[in-house]
Amino acid sequence: MARRVLVSVHDVAPAWVEEVRWLLRELDAIGAHPRSLLVIPCHNGRDDLRRCPQLVELLQAEVANGSEIVLHGYTHARAGRWRGDPITVARAALFAREVAEFVSLEWQEQRARLLAGRELLADLGLPTRGFCPPGWLHTTELPDLLRELGFTYLVEMLFLLDVELGQRLVTPWMGFMGASRFHEELAQFGARLLAPWRTRAQLVSVFLHPQGAPRSPVCRRVLRELAQELERGGVPLTYGEAIRSS
């Protein structure tokens with residue numbers, strides 16, 4: 001069975017439209033298509049996707065060519081005090097202090113933002129059935145909330161959860177964070193630890209963030225490794241395709 005590769009571009013928002021465009025060209029060049037595009041509808045509560053027609057057109061073209069839109073929070077910004085179990089709160093505080101949106105909301109606000117984000121995307125011709133919380137971090141009520149609202153899956157850092165069936169697919173990963181030097185080195189260390197697992201897995205995840213991507217040697221290395229994976233027969237697919245084929 002051919003190895004399946006979940007290719008994703010995170011933090012798709014007007015602030016990084018040119019970096020997103022660059023990443024998509026690089027992915028096209030190595031045949032990494034289709035892919036999942038994790039879109040922030042209203043970054044930081046101000047950067048409304050509807051006011052960036054060039055990004056909307058780019059995303060519409062991606063969807064027409066088989067890529068998939070994933071809702072990636074609503075503002076991608078912390079909104080209040082941390083919630084959740086101690087491990088989740090510690091991860092948010094240490095690694096996603098400013099962005100762990102869905103660890104800083106009561107469930108009613110989570111529900112409101114999920115509905116608002118999905119509606120905004122749908123109005124732009126960008127329907128979605130999947131959700132990835134910023135920082136891959138969320139409270140325990142989120143899977144049930146997603147199921148109630150008709151979402152199909154939840155993207156976590158090491159798992160892809162079918163919220164309808166409650167089944168998790170394991171997704172050992174590698175990727176580019178577009179973060180500070182410390183956090184980038186930590187992510188690359190984690191990817192190295194997962195390397196033996198990735199070599200045996202039939203489903204792997206490769207994620208890319210746009211922040212600083214065109215200038216980053218780390219990003220270019222991840223793209224090279226992804227190209228090698230595809231040359232060895234890896235088959236790119238979206239999260240939704242992985243859920244449907246599991």
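In this predicted model, T199 belongs to helix α6, which covers residues 181-200. With a relative accessibility of 61%, T199 counts as exposed, because the cut-off for that class is over 50%. A partner from far away in the sequence also deserves a look here: R3 and T199 are 196 residues apart along the chain, and 9.6 Å separates their C-alpha atoms.

H10 offers a second residue to visit, this time in a strand. Strand β1 runs over residues 4-12 and includes H10. The relative accessible area of H10 is 1%, and H10 is therefore classed as buried, the limit being under 20%. Leaving aside residues up to four places away in sequence, the contacts of H10 are L38, H72, C132, W136, F207, L208, H209, P210 and Y239. Two further histidines, H72 and H209, are thus found among the residues that H10 touches.

Attention can now turn to a pair of helices. Helix α1, made of residues 17-29, packs against helix α7, made of residues 217-231. Their axes lie 10 Å apart and meet at an angle of about 30°. The two helices are therefore described as roughly parallel, since angles under 35 degrees fall in that class. The crossing of α1 and α7 is right-handed. On the α1 side, the contact is built from W22, L23, E26 and L27, while α7 contributes C219, R220, L223 and L226. By character, the residues of this contact comprise 6 nonpolar and 2 charged ones, with no polar residue. The charged class takes in Glu and Arg, and these residue types appear in the contact as E26 of α1 and R220 of α7.

The last stop is a run of strands, β7, β8 and β9. Strand β7 spans residues 153-155 and pairs with strand β8, residues 159-162, through 3 bridges in the antiparallel sense. Within this pairing, L154 has L161 of β8 as its bridge partner. The two strands form a hairpin, and 3 residues lie between them.

Strand β8 also pairs with strand β9, which consists of residues 167-170. These two strands run antiparallel as well, and 4 bridges join them. Here F159 is placed opposite V170 of β9. The hairpin of β8 and β9 has 4 residues between its strands, and in this hairpin G166 adopts a positive phi near 75°. Strand β8 is thus shared by both pairings, with β7 as one partner and β9 as the other.

Definitions and conventions. Residues are numbered from 1 along each chain as its sequence is written. This is a predicted model: local features need pLDDT of at least 70, side-chain atom pairs count only at pLDDT 80 or more; totals for chains, interfaces and linings use all residues. Side-chain values use heavy atoms; hydrogens and water are left out. Two strands pair if DSSP finds at least two bridges between them. Axes are lines fitted to C-alpha atoms, for helices over the stretch in contact, and angles run from 0 to 180 degrees between N-to-C directions. Angles under 35 degrees count as roughly parallel, over 145 as roughly antiparallel, 65 to 115 as roughly perpendicular and the rest as oblique. A crossing is left-handed if the near helix is turned anticlockwise from the far one by less than a right angle, and right-handed if clockwise. Contact means heavy atoms within 4.5 Å. Buried means under 20% relative accessible area, exposed over 50%, partly exposed in between (1.4 Å probe, protein chains only).
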